[in-house]
Structure formats: structure tokens, C-alpha cells
Number of protein chains: 2
Amino acid sequence: MKILPDSLERITQQLSRFPGIGKKTAQRMAFQLLEWNPEDVQQLGEVIINSTEKLRNCSVCNLVTEADPCPVCLDTRRDDSILCIVEDSRDVVAIEETSRFNGKYHILGGVLSPLEGVGPDQLNIQSLLARIGDIVEVIIAMNPSVEGETTSLYLARILQERDVKVTRLARGIPSGGDLEYIDGVTLGRALDDRHELI
Amino acid sequence: MKILPDSLERITQQLSRFPGIGKKTAQRMAFQLLEWNPEDVQQLGEVIINSTEKLRNCSVCNLVTEADPCPVCLDTRRDDSILCIVEDSRDVVAIEETSRFNGKYHILGGVLSPLEGVGPDQLNIQSLLARIGDIVEVIIAMNPSVEGETTSLYLARILQERDVKVTRLARGIPSGGDLEYIDGVTLGRALDDRHELI
């Protein structure tokens, strides 16, 4: 027998489409909505609906944005000569939080993954090459996955032909890490890339 | 500098109000929405908004429902003489999935918790007492927490005065459990409540 009302089932079903949200979690979230005050529920629904209308990708760097070009591309205080290439917009947030980078970004929109049918043409590589003109340094900041490594190497190779310095994020032991628990690949790399202390 | 557009920030903010959904998870969900097709996003927003309009509590048993009385209360094939008292509507779903119960339900709407200001008057106890008339057995199915136990005892005491059999869910070792890893309270109770095998 069907116990829960259709609308609750539908919310559960829709919410469980998010990766990482299982059926039980989705159901708990749906029930939670019943305890919110109606204005808040209304607001959540509205911001979700509005997101499809308002959000787009910046035509220059592909960052998710409401205004095109995005505020980062328009910011004249940022250094135009250094470009950081990342997989997606969330990586920009992570890098901005460090306050260590003041250049511009280029969002690749993913990584090369032949198995999933993602080749160079599916990534924002043409628009990257079009921007290289006045760039002095390109920092490749892919995620440290196999696909990320492959993509980094691919980018490094095609950028080699241009008159631009190509760097990438340092690999090593993470801050606060415990040597004992760090995986062998990371620790091996940290040994290989060791540098003088003073 | 603010990197993400306002609408994305608002979705993140609203989603992170769900218990168990932290800021990072909420942000990942918000970004995920950008990859859905617009119809699905629209649908999610709409079911959320509609939930506030359509959903209410059954005036008999307090189950969350679209129609009042709820389908469980209206179902004439169910046994009217046996009533199962649970904390909230999700517990009804869990019990229904066992297919072992064919009576009616009463949703208490919480448990007694003096520290959080929940006394008998905040729970659906008056409406429970009003239903007792023709009931032969009341099964108290609270969660096995301290508050759940307290509430069970409270209910048992006030139902004692009525001409009704009061039972509660058996305690013991869960199916598939490993004795070695079962907590002492549970195992001790399972020993106390042991019964003959044949």
C-alpha cells in the first residue's frame, strides 16, 4: 500500500537524483520541508527555478555567472597576463579562498576521458587557445586524478608551441597530513620533489 | 571577492539548511542543478513549492497526507481494533515495509523532551485518547532512544486506565548483527528477554 502522498514521493524522487543523496536522505529532506515555514519552502523552490533562467557560462572564461562577462573577467585589478586553468567553477572558489592568486581563470569544463567520450573538442580548449595572445604564464590546476594528469600533459603539449610559460600546482604532502597515513604515490612524489630548507 | 553568482549562493544557502547537508554538499548540489536539463530543475522547484500547498496532517492519525482523512485511515481492509503509535510519518513507512502490521496508526509528532520544551500537550496525545474507544490493542513503537523510552512509559501509564492491551516492540539483537559488536545494553536486554527455542 502506498503510504506517502504523491507530492512527497516526487520530492524524494527528484532530490535523490543528486549524486551523494540516497533515497533515505532524500526522504528525510522531504519530510524536513514540512517543518520549514511556508515562505522558506517557497523561496527554495523559487531560487531553484530561477537558477535555470539566470545562470549561464561566461563567454570569456566559462565561469558560471549571472552577468556575461563574469565579474572576474571584468575586474581590472586582476593580472591579465597570468591564467589559471581549472576543471570547473568550484575549483575557482577553492583557489580564490587561498587569496594567493590574482590572475584570471579559464574553466575547461571537465577533463579528457576517452571512456566517457570526452575528447579535446568537448572541452573549452579552442577558447583557451584564443585567449593565449598576451598571456605570460599559464598555471594548469587540474585535480590530481588520472584524467586530470592526462589532461595536464595534453594541455602542456599544445601550449608548448606558444610563447608562454606553463606551470602546474606543486605536488607533495598536504598540510596537516600525517606521514604514516599518506599514500605511497604522494609520499614518493614529495621525496622526488624535495627542496632545500634554507 | 565574490566569485559565485547570487542565485547559486542562495541555492547553496537554502539547501544547507537541511540537517545533514553541509555547505560543501549544498554547493555541489547547486552546481549539479546546472547540469540538469531545465525541465527537471523546473519540476524540482515546482514540487517543492507545491508541497506547502498540498500537504497536511491527517485529522485522525496525523499522518502527512494530501487528502484528509489519509488513505490508511480510510482503508476498510485494515484492522480498526489495533493501533500502532509512532513518532512520525517516516516510521509508518518503515513499518509498512515489513508487511507485518495491518492495523491503523497514530502519529505522535515527536517524543517527550522537557529540555526542548516538549511536554504531553505538544504531542498528539489528546487525539490518541479520543480514538481509544473501540481499540483492543495499542502497540507503542517509539524509537529506542532515552526520550523514546520515557514517552513509551508515559503512554503506557495513561493507557493503563483504559480497557486496552498495551504492547511494545520487542528489544533484542538485530538480524544480521554480530554479537561481538553489539552494545552491552542491547545484548543484556536480549539475555533478559531470552525465550525457549522450541
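In this predicted model, the sulfur of A:Cys61 sits 3.6 Å from the closest cysteine sulfur, which belongs to A:Cys73, and that is too far for a bond. A disulfide, after all, is a covalent bond between the sulfur atoms of two cysteines. The cut-off used here is 2.5 Å between the sulfurs, so at 3.6 Å the two cysteines miss out. Looked at from the other side, A:Cys73 is in no disulfide either, with the sulfur of A:Cys61 as its nearest cysteine sulfur. Both residues are tucked away from the surface: A:Cys61 counts as buried because its relative accessibility is just 2%, and A:Cys73 is buried as well, with a relative accessible area of 15%. Over all chains, the count of disulfides comes to zero.

Next come the two chains and how they are arranged. Chain A can be laid on chain B by a rotation of 180° with 0.0 Å of shift along the axis, and the fit has an RMSD of 0.1 Å. The two copies are therefore related as by a two-fold rotation axis. Within chain A, the C-alpha that comes nearest to this axis is the one of A:Gly45, at 2.0 Å.

As for where the chains touch, the contact draws 52 residues from chain A and 52 residues from chain B. Of the interface residues of chain A, 100% are interface residues in chain B too, so the copies meet through the same surface. The size of an interface is often given as the accessible area lost when the parts come together. For chain A and chain B, that figure is about 5,300 Å², with 72% of it on carbon and sulfur atoms. On the chain A side, A:Ile3, A:Phe18 and A:Arg90 supply 13% of the area buried against chain B, more than any other three residues. Charged partners show up here too: two salt bridges are found across the interface. B:Arg17 pairs with A:Asp40 in a salt bridge whose closest N and O atoms are 3.1 Å apart.

Finally, there is helix α7 of chain B, which runs over residues 146-160. The helix has 15 residues and reaches 21 Å from its first C-alpha to its last, close to the 21 Å expected at 1.5 Å a residue. Some of α7(B) is hidden from the outside, the buried residues being B:Gly148, B:Glu149, B:Thr151, B:Ser152, B:Leu155, B:Ile158 and B:Leu159. Their cover includes the strands β3 (82-86), β5 (137-140) and β6 (165-168) of chain B, along with the helices α6 (126-131) and α8 (184-192) of that chain.

Terms used: Residues numbered from 1 in each chain as written. Chains lettered and ligands numbered in written order. Predicted model: local features only at pLDDT ≥ 70, side-chain atom pairs only at ≥ 80, totals over all residues. Heavy atoms only, no water. Least-squares fit on C-alpha atoms with pLDDT ≥ 70 in both. Contact = heavy atoms within 4.5 Å. Buried < 20%, exposed > 50% of the residue type's maximum accessible area, 1.4 Å probe, protein only. Helix = DSSP H or I, 4+ residues; strand = E, 2+ residues; numbered from the N terminus. Expected span 1.5 Å × (residues − 1). Buried area = accessible area lost by both parts, 1.4 Å probe. Salt bridge = Lys/Arg side-chain N within 4 Å of Asp/Glu carboxyl O.
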